[in-house]
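Take a walk through this fold, one element at a time. Start with a single residue, then move out to the helices and the core.

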Amino acid sequence: MLPKIRTKALLTALTLAAAAAAAPALADVEFRHALDDSALDLSPIKGEEITDAVKSFRKDGVNPYNGNAEALAAGKTIYEDNCQACHLDDGRGGMGPSLIDNVFVNARANTDVGMFEIIHSGASGAMRSFSQRGVTQDQILKVIAYIHSLKK
């Protein structure tokens, strides 16, 4: 039998370890819906693979594709197919707001996390969820990197 002091210390250590394991990591980003601030469901869409880039972004909110030439090229194609009809080819805005002037109705849209939230799950007006349109989280990160490249 262990002495009382060792038993108490062991129980305290086990309790703290269990609590730490049950709690979410402090560095994980909390993604929220732009319209009602509810938690986003980031479950993969049909056929989607959660890439290392997405895992990293979910952890720290930093888009690993920013400045990556290959990702920018892929992001441009996705932008042309899904975004330019409303935001124009250069991102200056048309039916949708400008993406290049850093003036947004939703202040969180000034961050990669906020842009991700809006593209993934939609916002006001005609901005509908791109995840419901079949755009993956990895593709969303590439589009965001491309949008940054449009800014002067």
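Where does L88 lie? L88 sits in the loop between α4 and α5. The model is a predicted one. In it, L88 has a positive phi of about 70°, although L88 is not a glycine. L88 counts as partly exposed because its relative accessibility is 24%, and buried would need a value under 20%.

D37 invites a look for a similar reason. Its phi is positive too, at about 65°, and D37 is not a glycine. D37 belongs to the loop between α1 and α2. α1 covers residues 4-22. The relative accessible area of D37 is 39%, so D37 is partly exposed.

Now the overall layout. The protein chain holds 6 helices and 0 strands. Along the sequence the pattern reads α-α-α-α-α-α. The chain has 152 residues, and buried residues make up 36% of them. Take the contacts between residues at least 6 apart in sequence: 63% of these join residues at least 24 apart.

Next, the core. The largest nonpolar core has 32 residues. Those with the most contacts inside this core are F31, Y79, F116 and I119. Helices α2, α3, α5 and α6 each supply at least two residues of the core. Here α2 spans 52-60 and α5 spans 112-121. The largest share comes from α6, with 8 residues.

F31 shows how such a core residue is surrounded. Set aside its neighbours within four places in sequence. F31 is then in contact with S38, A39, L40 and L42. F31 also contacts F57 and R58, as well as V113, F116 and E117.

How do α3 and α6 pack? Helix α3 runs over residues 69-82, and helix α6 over residues 137-150. Their axes are 7 Å apart, at an angle of about 95°. That angle makes α3 roughly perpendicular to α6, because 65 to 115 degrees is the range for that label. From α3, the contact uses A71, L72, A74, G75, K76, I78 and Y79. From α6, Q139, K142, V143, A145, Y146, I147, S149 and L150 take part. By type, the residues of this contact divide into 10 nonpolar, 3 polar and 2 charged. Y79 thus appears twice in the picture: in this contact and among the core residues with the most contacts.

α6 has another partner in α5. The axes of α5 and α6 come within 10 Å and cross at roughly 125°. That makes α5 oblique to α6. The crossing of α5 past α6 is right-handed. On the α5 side, D112, M115, F116, I119 and H120 make the contact. On the α6 side, the residues are Q137, I140, L141, V143, I144, I147 and H148. They divide into 8 nonpolar, 3 polar and 1 charged. F116 and I119 are familiar from the core. V143 and I147 are listed in the contact with α5, and both are listed in the contact with α3.

Is D138 buried or exposed? D138 is found in helix α6. D138 is buried, because its relative accessible area is 9% and the buried cut-off is under 20%. Not counting residues up to four places away in sequence, D138 touches E48, T51, A53, V54 and Y65. Of these, A53 and V54 fall within α2, at 52-60.

Two loop positions remain. R133 lies in the loop between α5 and α6. R133 is partly exposed, with a relative accessible area of 43%. Leaving out residues up to four places away in sequence, R133 touches N82, A126 and R128. The partner N82 is 51 residues from R133 along the chain, yet their C-alpha atoms are separated by 9.4 Å.

V105 is placed in the loop between α4 and α5. α4 covers 84-87. With a relative accessible area of 90%, V105 is exposed. The C-alpha atoms of V105 and S124 are separated by 9.8 Å. These two residues are 19 apart along the chain.

Notes: Residues numbered from 1 in each chain as written. Predicted model: local features only at pLDDT ≥ 70, side-chain atom pairs only at ≥ 80, totals over all residues. Heavy atoms only, no water. Axes fitted to C-alpha atoms, helices over the stretch in contact; angles between N-to-C directions. Helix = DSSP H or I, 4+ residues; strand = E, 2+ residues; numbered from the N terminus. Parallel < 35°, antiparallel > 145°, perpendicular 65-115°, else oblique. Contact = heavy atoms within 4.5 Å. Nonpolar A, V, L, I, M, F, W, Y, C, P; charged D, E, K, R; others polar. Core = buried A, V, L, I, M, F, W, Y, C linked by side-chain atoms within 4.5 Å. Buried < 20%, exposed > 50% of the residue type's maximum accessible area, 1.4 Å probe, protein only. Left-handed = near helix turned anticlockwise from the far one by under 90°.
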